[in-house]
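Subject: Handover of a structure

Dear colleague,

Please find below the structure that I am handing over to you. I should be grateful if you would read the notes after it with the structure at hand.

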Amino acid sequence: MNNTKRIFLKSLIFFFVALFSWQGRGQDYQFTFHEPIQYLDVDDKGFVYLISNNHICKFDGKELHNCAQVDFQISHAAIISEREQFIASDTLLYYVKNQKVINYSTFPENITVLYQHNQKLYIGTAGKGCYIKDLKTEQIIRLKNSENQFINDILVLNNKLLLALDDGISQFELNSLRFLGKQALPELIIKQIEKYQNSYILALTANGEVFKLDQNLKLLQHSNIAEASLEKISVYDNQIYGFDSQKVYTMSPQMEISDFKEIGFSNLMVYKQQLFGIKQKTLFALDLFKSTLNISKNYALFAENDTTLWIGSEGKILKIVNGILNDEINLPATFQKTYISSLSVVGDKVFAGTMGSGLFVYRKNKQLVKHLLFENEDNLKNIIQVQYHQNQIWVAYLNGLLILDKDRFNIIRNFDNLLDDSYLYSFIPINQDDFYLGTSNKGIVHYNHGKIQSFFKGSSVYSLTLTSDYLVATIENKGVVMIKDYKATWLSTSTNLRSDVINNVISYHNFILIIHELGIDVYNIETNKISYLSINHLIENHLNSQTQNSNHLFLGYDNGILKLDKNLISYLDYDKLHLNPIKIFDQEIPLTQHVFNYKQNVISFSFESLDYYNPNDIFYKYRLTGLDNDWKNTTQEFVNYYNLTPGTYKFEVATGGIRDFKPQNIKSYQFTIQKPFWLLWWFRPFVFILVIGFIYFIIKWREKQIVTGENLKNAKVQFEFEQLKNQINPHFLFNSFNSLIGVIEENPQKAITVVEKLSALFRNILKFENVDMIAVSEELEIAEQYFEIHKIRYQDLIHLEIHPVLKAEHKFVVPMSSQLLIENAIKHNIINQNHKLLISIYEENNFIVFQNTFHPKSQSENSTKLGLQNLIKRNELIFHQIPEFHQTADYFIVKIPYINA
């Protein structure tokens, strides 16, 4: 072979290898932030958070929400919830709530890792061990037996706390924090530890090697680092992913490393069928569920095993091993334009059915064994499906079904009289006397030991599949029917399918994959939930074929082959809808509170759906029963209700991947707005009784006021009478005039003053004769005036002391009280050089106290005591309190009540 031919052959091989290689994982997308992204984290609801130099933002697959911005460099973060985060920066640990820094704690060394588990925050430091912060009590303790350790990573697994150290892994009992031991690995520095298959531990060392340990830290296996020196690993669904500066790798359970993606990341996280990779300011999301083989003109698929896929194309059969073209078988030259419609591989033989050219049988070494059926009538040449079943070759053609011997290729059975003028689209073999056919206008035909039974006559059935409980069929323009015990259950647009025009159905465990022009709908038989899978550019092309091996499903389209990971199907329908705490007038209320008063009637509901797989296809339906039972559509994630009337309500919300979906898996919140007290059943009777009681009280109060008024008038009349008696009392006038005459003889000028005082006293008596209360200051002024008149007579034999505090203007007493008490003291006591009269007036415990020395006359003047009785009665009527009288051996004391006004 000359050099030109060698170069051409090498170029051709390189072209086919490039053409037929699996291209990544589905359709990648990317998101660019304005500053370098450090890493990603996940909260307890399953939402992903982007952590950059100065921001923590929630990421929903298409945009960022609720970004917390700080003015310091973020080194590590622990996401407690959307509203609460802990952020580490050097030696400081900040607590952030609602995007605001609340407080911080200081540690003796730089913080190297934060790990949150069950209301505890574990804080690793660079050389000072591990600290534990109780999020309820906010108490911080240091973990014993971790002092002076450099903590690189923290993990909780099966009630054990694991610390990745510079010299191995330490293990503690989670609750008691008792030290359980340490494993020193050969590579010393342990950068990262991850949970694997629920009970194993993966330890990544500083030189990029991965060790597998059991939960007792016993070393089991380690990776071969000849191919890659991993920077970080991430585990999801027991699949290990890692990266170095050049590539992303996968690792098998046997710790064997394989290339996965030609791209170098600075960080990586695998979550919910997505591989998130970070490269400077850009976040890449790779779809792990599906990948695409870019090959056009593929019409038949057959997965021989987990590594080998056979593809029927135009005029040739391609063999793909581990995603790369390995070999091809070409049909004879005269059939180069014939496209292969069905494939089956049995042992070393390859069976290839064609449309119009019959059945070809090849050996894997490309040797043509036999060409069958091509000389028969046209419909027998048109092979729909070839299938190996129970050691026989089943061949479905346009008008019937053949069963061939797999070695000699003789026709064992020919069912050519079952369909009349119908065409055969699909079949399911049970045995050679029991099978199902999907036909063009006879519906589903069940052949069972010579008996024929039809379902859905007049309808076209394009595809059939069999689960453990159901026969599943696609009915033309009517969706999917599931048959069990002759009872049909329909799946259509009325039950949340995106289309009623179905191309194919595939069953896998409890799932049915329903393939149509909009993508793939995945129906969970156990939960009745439907999830949606978009396949982007492939959905615009016709589905030609499908096959599967133990791990993957393969769907062949005109322009490519879609490879779906079976192990991730169950993760398509995880519960992704969350109902957040409600808000009443912007005050957050937990969902545990269900009763509100009538003023708390403006309520806001917010909800969010987690779907990183189809972030642009999230729709909501909601309603508030008690107000409106009809479902409403929205793409917003909040609903506000204003001025709700008292009553019991139930808010319900559901999410779906199509706009007009039927609500399923509903999140709900029931609450009650209480009636105001005036609308309660007891309020009207209570008000009636209250009004009657009030009227009765008013009547009684009015009666008492009238009686009190009359008593006060009587007392006032009595008082006026006593005052009048005092004015005309000869003894009083005699004393006054005698005092006046004595003063005139001795000091005429002073007599004028006495006359003026006497005149002022009488003027004041007349001034206050019609009032019920008098200020203490004015009352004491009268008392002084009255006392001065008597002092003219007795000179220094009597003395009056008034304390200054009594001059306050806000205290009031019954008028003329002091004049009466001074007069009684002078009238009833002996006054001479041996018995001088001392009168003191002072305040004590809300009383005005009148105290005089007590030297009673042996023969007192006649007294009716009407003055004191009058004083008692007036105080009782006005102040509802009576004076107090006390007598000792030396003093007579009277306490007059007063009020503050």
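The notes below cover a sheet, aromatic rings and a helix.

This is a predicted model, in which local features need pLDDT of at least 70 and side-chain atom pairs count only at pLDDT 80 or more, while totals for chains, interfaces and linings use all residues. Residues are numbered from 1 along each chain as its sequence is written, and side-chain values use heavy atoms, with hydrogens and water left out.

Helices (H or I, at least four residues) and strands (E, at least two) are DSSP runs, numbered from the N terminus. Strands pair if DSSP finds at least two bridges between them. One open sheet has 4 antiparallel strands in the order E7-E8-E9-E10. Its edge strands are E7 (76-79) and E10 (100-106). Within this sheet, 6 bridges join E8 (residues 84-89) to E9 (residues 92-97), and Gln85 stands opposite Val96.

Rings of Phe, Tyr and Trp (its six-membered ring) pair if their centres lie within 6.5 Å; planes under 30 degrees apart count as stacked, over 60 as edge-to-face and the rest as tilted. The count is 38 aromatic pairs. Phe435 and Tyr447 are stacked, at 4.9 Å centre to centre and 15° between the planes. Both residues are buried (under 20% relative accessible area; exposed is over 50%, partly exposed in between, with a 1.4 Å probe and protein chains only).

Helix H7 (residues 817-828) has 10 of its 12 residues buried, among them Leu820 and Ile822.

Yours faithfully

Methods
Expected span 1.5 Å × (residues − 1).
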